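I am opening these notes as someone who has not met this structure before, and I mean to look up a few things in turn.

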Amino acid sequence: MTSVVAPIVAACGVKMPKMSGRGLGHTWGTIDKLESIPGFSTELSKTEFLKEINSIGLSLIQQTGHLAPADKKLYAIRDVTATVESIPLIASSIVSKK
């Protein structure tokens, strides 16, 4: 959804900073999909992230232990407890990045 909606919103003039995550299991997350494009990187510094938002209106960054520490822990819990498809844990993961 991010790879379709975010560019459309940015093209309409709305600044679109976006933080996305990796997938668990076979589902692949937004970051996994986009990093399959040669040269695409979501490992940006804060300065690079803000520069992209200001110059092109859109930037996508992945969560890290520093940017969204709760999300990293929620991913680990879902993986270890085999609750990857748990709606409450998915929702918690999404909210932790906001």
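Before turning to the strands, I note that two strands count as paired if DSSP finds at least two bridges between them. The model I am reading is predicted, and I looked up its confidence early: the protein chain averages a pLDDT of 80, with 83% of the residues scoring at least 70. Among its elements, helix 3 (residues 46-56) has the highest mean pLDDT at 92, whereas helix 5 (residues 87-96) has the lowest at 72.

Next I looked up the strands, and found that strand 1 and strand 2 pair in the parallel sense over five bridges. Within this pairing, Ser-20 stands opposite Gln-62 of strand 2. Strand 1, which spans residues 16-20, is mostly covered, since four of its five residues are buried.

I then turned to Ser-59, which lies in strand 2, residues 58-62. Is Ser-59 buried or exposed? Its relative accessibility is 1%, and because buried means under 20%, Ser-59 counts as buried. Its side chain makes a polar contact with the side chain of Glu-52, at 2.9 Å. Leaving aside neighbours within four places in sequence, I also found Ser-59 in contact with residues including Met-16, Pro-17, Lys-18 and Phe-49.

Last, I followed Phe-49, which belongs to the largest nonpolar core together with Met-19, Leu-44, Ile-53 and Ile-61, five residues in all. With neighbours within four places in sequence again left aside, the contacts of Phe-49 are Pro-17, Lys-18, Leu-44, Ser-59, Leu-60 and Ile-61.

Technical notes. Residues numbered from 1 in each chain as written. Heavy atoms only, no water. Helix = DSSP H or I, 4+ residues; strand = E, 2+ residues; numbered from the N terminus. Buried < 20%, exposed > 50% of the residue type's maximum accessible area, 1.4 Å probe, protein only. Polar contact = N/O pair within 3.5 Å; in protein donor to acceptor, adjacent residues only side chain to side chain. Contact = heavy atoms within 4.5 Å. pLDDT = per-residue confidence, 0-100. Core = buried A, V, L, I, M, F, W, Y, C linked by side-chain atoms within 4.5 Å.
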